[in-house]
Every structure is written in C-alpha cells, then in structure tokens.
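Work through these exercises on a ligand site. Each task is followed by a stepwise solution.

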Amino acid sequence: MIEIIQTDITTLEIDAIVNAANTSLLGGGGVDGAVHRAAGPELLTFNKTLGGCEVGQVKLAPGFNLAADWIIHTVGPVWQGGTRGETELLRSCYINSLELAVSKSYREIAFPAISTGIYGFPIEPATNIALTAMKKYEHTFTRIIACCFSEADRGVYQALLD
Ligand code: AR6
C-alpha cells in the first residue's frame, strides 16, 4: 500500500529517502536544502565525489546524520510548459529511484513531490506520474511513501490515489 503522509522527509526512519536535487548535487533550497542541513556537512563532501547528476537520473549517497540510511538523489525537470520532455523525465526520476532501491535490496523508500516546488511542475500531473510509478512497485517494498510537505499537496495525492 502506498502511504501518503505530510511531514518533513528528513525525519523519516527508513532505508532510503529520495532527494529532489539539482544537477550539481551541491545543495540548494527546498527539500534539497533540508536534506543537506539534516544530513550534515559530510553530505556535501561526499557529493563532490559524485560528478553531478543528469536530469531524470539518480546518484546514491549515505544518509550521514539522517534517520534514513541512504539518500537517493534525483534531479527533476524544470517545468517549461510541458513540451520539453518534462513528463518522461519526471517519470524517469521515479522509476530510476525505485530501480536503484530494488538493486540495493532496500525495503522502504520515501519520495518528496519531485519538481513541484522551485522547478514549477504542476502538482496534479506530477502526482499522477509519481503515483503511477509507485503503484508498479507497491508489492516490492514493505513501505513506499509519498511524503508531502503541505496539506494541499497531501489532499491532491490522496484524491488522485483514491
Ligand atoms: N520534506 C518534504 N518535502 C519538502 C521538504 C521537506 N523538508 N521541503 C520542501 N518540500 P523543491 P524541486 C517539498 O523546491 O521543485 C532545490 O533548490 C516542496 O514543498 O524542494 O524539484 C534543488 O537544489 C515541494 O512539494 O524541489 C533544485 O535546485 C517538493 O518538496 C530545486 O530546488 C519539491 O520542491 C529542485 O526543485
């Protein structure tokens, strides 16, 4: 069962959280800023060895001071009106994160609403992409969590899941 929760993703005690990063992997605002603050400065030092990350791709990092064991960094597309492959790129963020977690035998994973903050992807289509991908892997994980930050986003996720 997909769990929809509303909390700060950095507080989750879980195998892996997904971070909505940028291509540098060197930190930023939004959930990325929160992840770097909670994980501590070792995350930045580690990320400098990763050589960045392409849009739609993933890179793995330890959780350092987080309650989560691992951080799956992914880079969502910047919304440019929907004609620049944004849908397929956002789907890739979810599928590649899930496939990486499967390959590492993680049993628990939590996602933020990738690209829907600073990168401007409209919440409803983004949520459909997220939930469709997560549904495919529902039975592969013991916990698969959509972690919303706002009450409004939680409502959209719940309505579209129902
Ligand atoms: N826990 C869970 N969700 C959060 C948290 C949190 N602590 N903080 C924010 N969100 P955004 P993007 C939600 O902007 O759109 C960064 O600067 C937020 O409310 O974090 O993919 C990166 O470095 C929204 O629903 O990510 C990139 O430059 C969702 O997380 C850029 O932002 C995603 O919003 C990426 O933009």
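**Exercise 1: polar contacts**

Task: find which side-chain and backbone atoms pair with oxygen atoms of the ligand.

Solution. Start with Asp 32: an N or O atom in its side chain is 2.7 Å from a ligand oxygen. That is a polar contact (a pair of N or O atoms within 3.5 Å). Next, take Gly 29, where a polar backbone atom is 2.7 Å from an oxygen of the ligand. Then add Asp 153, with a side-chain N or O atom 3.4 Å from a ligand oxygen. Finally, check cover: the protein covers 90% of the 700 Å² of accessible area (Shrake-Rupley, 1.4 Å probe) that the ligand has on its own.

The model is predicted: local features need pLDDT of at least 70, side-chain atom pairs need pLDDT 80 or more, and totals for chains, interfaces and linings use all residues. Residues are numbered from 1 along each chain as its sequence is written, and side-chain values use heavy atoms, without hydrogens and water.

**Exercise 2: the shell**

Task: state how many residues surround the ligand, and which element gives the most.

Solution. Count residues with a heavy atom within 4 Å of the ligand. There are 21, and Asn 22, Gly 29, Val 31, Asp 32 and Ile 118 are the closest. Sort them by type: nine nonpolar, nine polar (Gly among the polar) and three charged. Then assign elements, which are DSSP runs (helices H or I, at least four residues; strands E, at least two). Helix H1 contributes the most, four residues.

Technical notes:
A residue is near a molecule or strand if one of its heavy atoms lies within 4 Å of it. A polar contact is a pair of N or O atoms within 3.5 Å; within protein, one must be able to donate a hydrogen and the other to accept it, and residues adjacent in sequence count only if both atoms are side-chain atoms.
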